[in-house]
Amino acid sequence: MKKSGITLIELLIVFALIAILVRFMVPIFNSSRYAAQEAKALHDFDAIKAAALRVYFDIEEWPSSGAAGDGLMNTNGITNINDWRGPYLDEWKKDPWGNLYVILQTGSTQWISSRGPDLNLSTSDDLILLIHP
């Protein structure tokens, strides 16, 4: 009489094959996840930039620098509050990595920044979009 079932060798071979497949698939999933996070951040950048442009067209000044949404969601930092028609954003969002987006300004140049996956500002993985040159 022949016994049916799986031998230990067959089970080990199946586990080895699964381990090999996982080893090759994890990097693919990680790169896809980063691409999706980057796409979400760029979509958020577009919304923040559009809101900043609407602020400028209404009051002829740019929103103030910082991570609080000043000028976009409230009149903090705005000198011409009579023409302010906001809020221009419903909420100040966090980037896909859990940090608040930041509006930075140097002279008359403004840009939106995300710290990226390493969570540190001014590193090579930061995402930046110019609002106003």
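Helices are taken here as DSSP runs of at least four residues, numbered from the N terminus. The structure described is a predicted model, and its account begins with the helix H1, to which the sheet and the salt bridges are then related.

Helix H1 comprises 52 residues, from 8 to 59. The distance from its first C-alpha to its last is 75 Å, close to the 76 Å expected at 1.5 Å a residue. A kink of about 30° is nevertheless found at Met 25, shortly before the proline Pro 27. Just after the helix, Glu 60 adopts a positive phi of about 60°.

The buried residues of H1 are Gln 37, Ala 41, Asp 44, Phe 45, Ile 48, Ala 51, Ala 52, Val 55 and Ile 59. These buried residues pack against three strands, namely S1 (102-106), S2 (109-114) and S3 (127-132).

The strands form an open sheet in the order S1-S2-S3, and their pairing is antiparallel. Strands S1 and S3 stand at the edges with a single partner strand each, so one side of each has no neighbour in the sheet. On average, neighbouring strands of this sheet are turned by 30° against each other, direction ignored. In general, the strands of a sheet pair through backbone hydrogen bonds, in either a parallel or an antiparallel manner. Between S2 and S3, the antiparallel pairing extends over five bridges. Ser 114 is positioned opposite Leu 127 in S3. Helix H1 packs on the sheet and touches S1, S2 and S3. The direction of H1 makes about 15° with that of S3.

Three salt bridges were found in a search of the whole structure. In one of them, Lys 40 is joined to Asp 44, and the closest N and O atoms are 2.7 Å apart. Both residues belong to helix H1, where Lys 40 and Asp 44 are four residues apart, about one turn of the helix. Lys 40 counts as partly exposed because its relative accessibility is 37%, a value between the limits of 20% for buried and 50% for exposed residues. Asp 44, by contrast, has a relative accessibility of 4% and therefore counts as buried.

Asp 44 also meets Lys 93 in a salt bridge, with an N to O distance of 4.0 Å. Asp 44 lies in helix H1 and Lys 93 in the loop between H1 and S1, so this pair ties together parts that are 49 residues apart in sequence. Lys 93 has a relative accessibility of 39% and therefore counts as partly exposed. Lys 40, Asp 44 and Lys 93 are thus linked in a network of salt bridges.

A further salt bridge joins the side chains of Asp 58 and Arg 85, at 3.0 Å from N to O. Since Asp 58 lies in helix H1 and Arg 85 in the loop between H1 and S1, the pair ties together parts that are 27 residues apart in sequence. Arg 85 is exposed, with a relative accessible area of 57%.

Methods
Residues are numbered from 1 along each chain as its sequence is written. This is a predicted model: local features need pLDDT of at least 70, side-chain atom pairs count only at pLDDT 80 or more; totals for chains, interfaces and linings use all residues. Side-chain values use heavy atoms; hydrogens and water are left out. Helices (H or I, at least four residues) and strands (E, at least two) are DSSP runs, numbered from the N terminus. The expected span of a helix is 1.5 Å times one less than its number of residues. The bend at a residue is the angle between axes fitted to the seven residues ending there and the seven starting there. Buried means under 20% relative accessible area, exposed over 50%, partly exposed in between (1.4 Å probe, protein chains only). Contact means heavy atoms within 4.5 Å. Two strands pair if DSSP finds at least two bridges between them. Axes are lines fitted to C-alpha atoms, for helices over the stretch in contact, and angles run from 0 to 180 degrees between N-to-C directions.
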